[in-house]
Amino acid sequence: MEKFLEKYPHSSRINVAWGEMDALQHVNNVVYFRYFETARIDYFDRIYPLGAMYAKGVGPVISENQARYKRPVTFPDTLLVGVSISDVRDDRFTLHYEVFSERQQALTTTGSSMAVMFDFNSGTKARLPSELRLLLEQDLR
């Protein structure tokens, strides 16, 4: 866990809920995308709160998600979800996720999302705000 926290000092801590398990008695695969979303929003709240950007009618939207399940997670557990950034372009960037189980003391899941900047008023892609781009590039891993 120490190595994980060194790599992701601002990771999100998420408690597994009983209702997130499926008939096979492990966290359902779709729930991980909610975990990724929680960690993504926490990440942005730390580096660049999205509220002001969304108020202007522009913001990142997810164009694709991917997950790789390495170990099943069950209730009760607490997960640490780390976020990193790669492939920053003029209108998009990639987020990477790693999920660490405190109970198992192991990495259980990895994933990624492609975020594309979108102008909600015109319904078209938009450019990354220069301030956000600089912050993302500083956080490249």
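Author: Helices are DSSP runs of H or I with at least four residues, strands are DSSP runs of E with at least two, and both are numbered from the N terminus. The model discussed here is predicted.

Reader: Which helix holds Gln-138, and is Gln-138 buried or exposed?

Author: Gln-138 lies in helix H4. Exposed means over 50% relative accessible area. Gln-138 has 64% relative accessibility, so in helix H4 it counts as exposed.

Reader: How far is the C-alpha atom of Gln-138 from that of Val-99?

Author: Along the chain, Gln-138 and Val-99 are 39 residues apart. In the model, the separation of their C-alpha atoms is 23 Å.

Reader: What is the C-alpha separation of Ser-130 and Asp-90?

Author: Ser-130 also has its place in helix H4, and it counts as exposed because its relative accessibility is 59%. Asp-90 is 40 residues away from Ser-130 along the chain. The C-alpha atoms of the two are separated by 9.1 Å.

Reader: How are helices H2 and H4 oriented to each other?

Author: Two packed helices are described by the angle between their axes and the distance between the axes. The axes of H2 (residues 31-47) and H4 (residues 130-138) come within 11 Å and cross at roughly 110°. Angles of 65 to 115 degrees count as roughly perpendicular. H2 and H4 are therefore roughly perpendicular.

Reader: Which class of residue makes up the contact of H2 with H4?

Author: On the H2 side, the contact is made by Tyr-43, Phe-44 and Ile-47. H4 contributes Leu-132, Leu-135 and Leu-136. By class, the contact has no charged and no polar residues, and 6 that are nonpolar.

Reader: What kind of aromatic pair do Tyr-43 and Phe-44 form?

Author: The whole structure has 11 aromatic pairs. In the pair of Tyr-43 and Phe-44, the rings are 5.5 Å apart centre to centre, with 75° between the planes. Both residues are buried. Planes over 60 degrees apart count as edge-to-face, so the pair of Tyr-43 and Phe-44 is edge-to-face.

Reader: Which residues form one aromatic cluster with Phe-4?

Author: The cluster joins Phe-4 to two further residues. These are Tyr-8 and Phe-100.

Reader: Which element supplies the largest share of the largest nonpolar core?

Author: This core has 30 residues, and those touching the most other members are Tyr-35, Phe-93, Leu-95, Met-117, Leu-132 and Leu-136. At least two residues each come from H2, strand S3 (78-86), strand S4 (92-101), S5 and H4. The largest share is 7 residues, and it comes from H2.

Reader: Which residue of H2 and which of H4 appear among the contacts of Phe-93?

Author: Residues up to four places away in sequence are not counted here. The contacts of Phe-93 include Pro-60, Ile-85, Asp-87, Ser-113 and Met-117. Also among them are Phe-44 and Leu-136, which take part in the contact of H2 with H4 as Phe-44 of H2 and Leu-136 of H4.

Reader: Is Thr-110 buried or exposed?

Author: Thr-110 is found in strand S5 (residues 106-119). Beyond its neighbours within four places in sequence, Thr-110 is in contact with residues including Phe-36, Gln-66, Arg-68 and Tyr-97. Because its relative accessibility is 18%, Thr-110 counts as buried.

Reader: Where is Ser-11, and is Ser-11 buried or exposed?

Author: Ser-11 has its place in the loop between helix H1 (2-7) and strand S1 (12-15). Leaving aside neighbours within four places in sequence, its contacts are Phe-4, Leu-5, Arg-46, Leu-80, Val-81 and Gly-82. At 18% relative accessibility, Ser-11 in this loop counts as buried.

Reader: What is the omega of the peptide bond from Phe-75 to Pro-76?

Author: Pro-76 is in the loop between strand S2 (58-69) and S3. The peptide bond from Phe-75 to Pro-76 is cis, with omega near -5°.

Reader: What is the phi of Asp-87?

Author: Asp-87 is found in the loop between S3 and S4. Its relative accessibility is 34%, so Asp-87 counts as partly exposed. Asp-87 is a residue other than glycine with a positive phi, near 50°.

Reader: What is the phi of Gln-105?

Author: Gln-105 is found in the loop between S4 and S5. With a relative accessible area of 46%, Gln-105 is partly exposed. Although Gln-105 is not a glycine, its phi is positive, at about 55°.

Methods
Residues are numbered from 1 along each chain as its sequence is written. This is a predicted model: local features need pLDDT of at least 70, side-chain atom pairs count only at pLDDT 80 or more; totals for chains, interfaces and linings use all residues. Side-chain values use heavy atoms; hydrogens and water are left out. Rings of Phe, Tyr and Trp (its six-membered ring) pair if their centres lie within 6.5 Å; planes under 30 degrees apart count as stacked, over 60 as edge-to-face and the rest as tilted. Buried means under 20% relative accessible area, exposed over 50%, partly exposed in between (1.4 Å probe, protein chains only). Axes are lines fitted to C-alpha atoms, for helices over the stretch in contact, and angles run from 0 to 180 degrees between N-to-C directions. Angles under 35 degrees count as roughly parallel, over 145 as roughly antiparallel, 65 to 115 as roughly perpendicular and the rest as oblique. Contact means heavy atoms within 4.5 Å. Ala, Val, Leu, Ile, Met, Phe, Trp, Tyr, Cys and Pro count as nonpolar, Asp, Glu, Lys and Arg as charged, and the others, Gly among them, as polar. A nonpolar core is a set of buried Ala, Val, Leu, Ile, Met, Phe, Trp, Tyr and Cys residues joined through side-chain atoms within 4.5 Å.
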